[in-house]
Every structure is written in structure tokens, then in C-alpha cells.
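Thank you for sending this model along. My comments follow as numbered points, to be read beside the sequence and the structure.

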Amino acid sequence: MKKANLAVGVIGILLSAYVIITAAGFPENRSAVDPGAAYFPTLMAAFMGAMCILLIVLTLTGKAAGLQEVLTITPGIKRAAVGVLIFVAYCFLFKPLGFVLDTIWFSFTCMLLLQNRKYAKMAIVSLLTGIVIYMIFANLLGAKLPAGLLRGLL
Amino acid sequence: MTNISLFFSSMASLITDPKCLILIFVSVAAGIVVGALPGLTATMGVALMVPFTYSMDMEYGLPMLMGIYCSAVYGGSISAILLNTPGTPAAAATVLDGYTMAKKGQAGRALSMSVLASTIGGLIGVIVMIVAAPAMSKIALKFTSAEFAVIALFGLSVIVSISGESLLKGFISAGLGLILCCIGLDPMDGYPRFTFGSMNLFSGLELVPVLIGLFAVSECLVSIETIEHTANVESKLERLISPLADIKRCLWHIVKSGILGTFIGCIPGAGSDIACFVAYGEAKRSSRHSDEFGKGCIEGVAAPESANNAVGGGAMIPMLSLGVPGDPVTAVLIGALMIQGLTPGPLLYRDHQDVVYLIFAAMFVANIFMFLVATAGLPVFTKVISIDKNTLVPIIFVLCMVGSFSLRNNVFDVWTTLAFGVIGYLMQKVKLPIAPILLALILGPMAEENLRRMLVANDGSYMPLTSPICLVLFALSIFMVVSSLKKQKKSKSTGKE
């Protein structure tokens, strides 16, 4: 957890610095008594930056909580990373492919990633997921889900 | 009209509307299923239900949300009793005696008592809420912007209780939330902050896609990482209704735990997981059968189940009267109310009394429905825990995405959900608590707007922060922080021993 803590601390400090620098460029407040648009973000970024510095110091001095835990890249984490890629692909294809087709390939691939091997069941569940959810949201709840390649059919 | 007559008129309109009753029935059943499946929390259930309510009228959408909110906590007891795995953290204490009873062949006895205790506890919470919340909001109506700024701070002090093992990481998580809530137009002069020129960010980050990402998508990624194989459960139940002897034996503990749970629920941050253990401890202390606790004692099931369901009513009191979420679930409910154009807080009572009493009536009816649905459907719900979670993961993810998209029919919200899902997953990996971000996203704008409004109204003076109400709220915040820190220190030293 030491490396993870240090990474959290550094990312937090960088984010705080970015917020403070960007907020410094906000226009001056129009009212003399209003602290202005930069006031709150600067205050919050300073707070977060201070907490991140404290986390780094406590981690380096061995006083931070949970340091004994070790964060390793397990096969499970690698699988989750593949999952993120599938999720990203699903979002990319959401509009061009359309909700139903996008959901069918996604559900099947996701179940495959989750080590399901009953292909017939997976195919039926994927098909039903795409069609049933589309019918509930588009027909019953009035959502404008993208039809994509099935435009004209749905 | 008095509070009581308002409540009864809301009840009457609710129970005479068949569509509303059907929706409550569906949401209660869905809540029990969500609660029963280990890994699916009440927060996730409510977050997934929110998109279904976008296009609904308020009188249908709100009862649906209340239905799932009330029943998901109860659902956790099913897997606690049958699998030795609490479906939700709120059922952690139920495992102690519930599972032992199931091993002795008394699963039906434990499950039927769990239903009864949950219902009575839930109803106690609702009754206290009906009495206390309007009174509290009447006081809150006298608050100025200074008091509201301090209330936001008071709400943020909850972070201490929900930060898990590292308070520092809880503060970092809250800091991130407080920075994220600055995205969008400045609340006073409309200057765009951190929008990167995107019109989609001008109104700030939409709360619902963020919370669906943090609480549901991140859990999908955790499920992909861990891949759990479903347990096969022997779910033959010897009874569906508690025997009179058990009811007589447990009634006092149920009522006492219900009251205890409601008051614990009122304290922001002290959720149902704390309430169930406090009630269990109290029942064990005061029971004539204290030596049987841990060995399959029926009171050990009744007390925590009553307390954890009563927390719901208690947690709604600060949410409805002050706009301060008591726990992550009520934070999600705030998001749902905001979508309907409502802002929880004292003004809700003044301007939308019908909505407030609709919520009260819906929670009351949802608890009654929970008893009926759970009792009649117990044999079915016990089979639910055998559903293959690996098949559910893609369905949950698709529901997350379609829910985010339907909010504004905008793909940008889909990307927001995915981004926060990944952020939530990474945060879990590095042990950064997620709930403080959500709390900060809700309370941050309230703090900034009221603080700046106070400064403008008082010529830049901070003196209004020294008003008696502010000082009391400051004192309460400090008390909460110090007592939580003491409790954390104590539990750490107990752990070391």
C-alpha cells in the first residue's frame, strides 16, 4: 500500500496545484464583499493538497494506516482492466451501433470474461437483455435510446 | 391541516391508486432481491432504480424509490441467515444467530422473524420521522445562509464516520468531491469554472451519472475481478410465519431496537450497520436468554433486523428537514429528488408539503408491502440467492448506462458514468472511501453558495457564523468528529489486542 499511498498523494497534489493555478486566472469579483469564483476551489484545493502532503509524510515515516497491506497486480485486476476496455468499447459503439446490437455483443463478451461457458444460455440472456431493456426504457419510459443500425426496424 | 390528517390524506390517495400500489409491489420485490444478493447493496439498488423514475410523475416515482429503499435492507437478512454472508452490511449482526438457527434446521423460523422484526422496526422509524421531521424543519426555516453554510459543514463531519480505516483518506476523498463540485458555472456570478469549454459541463457534473458510476459500475468491475461462484442453498423452509411464542418473546426487543435504530439513523454517518450491532448488544444485555445469544437465539435475529430497518426512517429526518444526507442511500435519494426539481431541506416542507407527506405515506405502505411480499414470497426469495451473479454483471452495467443516458438523452452522461465507475474501482483498490465524494458533491455547493451569500449580505463579515445556532452546530460537528475519532481509536486498540 506504500506505493499506492504515494501515488494517491502525488496525484492529489498535482490536481490541487492545477486547480489553484487555474482558479488564479478567474476574473476578479465584481462585488467588493464577494470573495469571487476562485475562492471556494482554491480553498478546497489547498485543503486537499495539505491532506495529500500529510499522507505522503505519514507513509514515508511508516505511520499511515494499512501500510502492511500489499497491492499486487493479480489476474483478477488484469481481468478488470480488460473489463474496462470492453466497457469503453460499449460506450464508443453506443450511438453508431445502436443500443440493442451494442448491448447484445457486450453482454455476451462480458459473460465470456466472467468465465461463463454455457454459450446457448449466454446468447439468450444477451439477446433478451438488449431487447427487454430497450422495450422498457424506449417504449414504456419514453427514453430516446439510439437505434443505430436497426433504425427503421425499432 | 394537521400533520396527521395530511399523512392520512396522502395515504388514502396512495392506496386508492392501483398503479401506485403495483409500482410499490414491484420495487419492494426488486429491493428484496437486490438486498438478498451478496455484493448488491441498498445504495446500488436505489441508484439503479432512479433512472426508471425519470419520466414518471412524482406520485409514482417517489413511492417506487421508497419501496426499494425500505426492502433492500431487509433483503440482506436472507443471505445472512441462509449463506452466513450478509447481503448488505446492515445484516452483519443477523448472521450471528440467524445462520446458527438455519444450521439447526430453523431457517424458516429465523426468516419469518426477520420479516416481522424488519416490518415493525421500519414502521417505528416512519412514525418517528412523521413526528420529528416537520418539527425539525420548522426550526430550520428560521435559518439564514450562515446557518446553512454551517449545516453543510456539519454534514461533512459525517465523513469521519464513513471513512473506514483511514480518516486521512476520507478527507482526501471529500477534498476530491469538493473540487469536483466546483465544475460548472459559478453560483454567484455565472463564470464557467473547469468546464474545458464543454457545454455539457456548464451545469456541473450531473449527480446521478456520478453516483451510478461510483456505486454500481465500480461494483461491476469488482465482480469481474473477483468472480464469485454462486452457492447452492438448501432452501426448504419449515415455516413462513413466526409462532406466537416467538413474537411474545421478541416483541419488546423489536420495539426497543426499532426506537434505538431510528435515533441512530438520525445521526448522520451512523448507518444501519452500527445500529444492528448496538441493538444486538442491547438485546443480549437485557435478555433473559442472554447465554443463548450466538448459539441460535431468536432475539438475536429480531433485534438487529428491527434496528437496521428503523434506520431508514431516522436517516430521512435530517435529509428531509435539513437537506443533509444521513448515509450514502439518502445521498442517492437527494439526487433522485433533485431530478424531480425538488431540493430537500426546510423549503421542501414549506413549498411542497404534498411531496413530503407522499414520501411518509409511501414509506409506511412500503413497509406493509414488504411484510406481505416477503412472507408470501419467502420460498422464491430464498432461491434468488442462487442466481448466477456472473450473468447479472452485464445486465447491471447495461442498466447503469441506459439509466445515465436517459437522464438527458446525452452520451456525455454515459461517459461520465464510466469514468466515475473506473475512478470508484481504483479508489477501492487504494483504499480511498467512495461515500465522502458523494457527500461532498451534495454539500459542497450548499456550503459555497450560502457562505458567499452570507458574506455579500453582511458586507464581507464572518460574524453571522457566531450566532447561537451556528455555535451549536459547530459544537455538534466537533462532538461528532471527536466521538467518531475516539471510537475509531478504541476499535483499533481492541483489534490490536
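**Notes on the two chains**

1. I begin with a loop residue of chain B: with 9 C-beta neighbours inside 10 Å, B:Asp459 counts as exposed, and the model in which this is found is a predicted one. B:Asp459 sits in the loop that runs between helix H19 (435–457) and helix H20 (468–496) of chain B. The phi of B:Asp459 is positive, near 55°, in a residue other than glycine. As background, most residues other than glycine have a negative phi.

2. A loop residue of chain A belongs beside this one, since A:Gln115 has a positive phi of about 65° although it is not a glycine. The location of A:Gln115 is the loop between H4 and H5 of chain A. A:Gln115 counts as exposed because 11 C-beta neighbours lie inside 10 Å, where exposure requires 12 or fewer.

3. Turning to the contact between the chains, 58 residues of chain A are in contact with 52 residues of chain B. On the chain A side, at least two residues each come from helix H1 (2–24), helix H2 (39–60), helix H3 (75–93), helix H4 (99–113) and helix H5 (119–140), and H2(A) gives the most, with 11 residues. By class, the side of chain A that touches chain B has 41 nonpolar, 12 polar and 5 charged residues.

4. Chain A is itself divided into domain 1 (2–60) and domain 2 (75–150). The C-alpha centres of domain 1 and domain 2 of chain A lie 39 Å apart, a value that a reader may wish to keep in view when looking at chain A as a whole.

5. B:Leu176 is placed in helix H9 (residues 167–180) of chain B, and it touches A:Met48 as well as B:Ile437, leaving aside residues up to four places away in sequence. Is B:Leu176 buried or exposed? B:Leu176 counts as buried because it has 24 C-beta neighbours inside 10 Å, the cut-off for burial being 20 or more. B:Leu176 and B:Leu441 are 265 residues apart in sequence, while from C-alpha to C-alpha they are 9.1 Å apart in space.

6. Helix H5 of chain B (residues 94–103) and helix H13 of chain B (residues 299–322) have axes that come within 8 Å and cross at roughly 140°, which means that H5(B) is oblique to H13(B). The crossing of H5(B) and H13(B) is left-handed. From H5(B), the residues B:Thr94, B:Leu96, B:Asp97, B:Gly98 and B:Met101 meet B:Gly300, B:Val301, B:Pro304 and B:Glu305 in H13(B). The residues of this contact between H5(B) and H13(B) divide into 4 nonpolar, 3 polar and 2 charged.

7. The surroundings of H5(B) deserve a separate comment, as this helix is mostly covered, with 9 of its 10 residues buried. Among the buried residues of H5(B) are B:Val95, B:Tyr99, B:Thr100 and B:Ala102, and B:Asp97 is also one of the buried residues. The buried residues of H5(B) pack against helix H4 (58–83), helix H6 (107–140), helix H12 (272–286) and H13 of chain B. H5(B) is followed by B:Gly105, whose phi is positive, near 85°.

Notes. Residues numbered from 1 in each chain as written. Chains lettered and ligands numbered in written order. Predicted model: local features only at pLDDT ≥ 70, side-chain atom pairs only at ≥ 80, totals over all residues. Axes fitted to C-alpha atoms, helices over the stretch in contact; angles between N-to-C directions. Helix = DSSP H or I, 4+ residues; strand = E, 2+ residues; numbered from the N terminus. Parallel < 35°, antiparallel > 145°, perpendicular 65-115°, else oblique. Left-handed = near helix turned anticlockwise from the far one by under 90°. Contact = placed C-beta atoms within 7 Å. Nonpolar A, V, L, I, M, F, W, Y, C, P; charged D, E, K, R; others polar. Domains from an automatic or database assignment.
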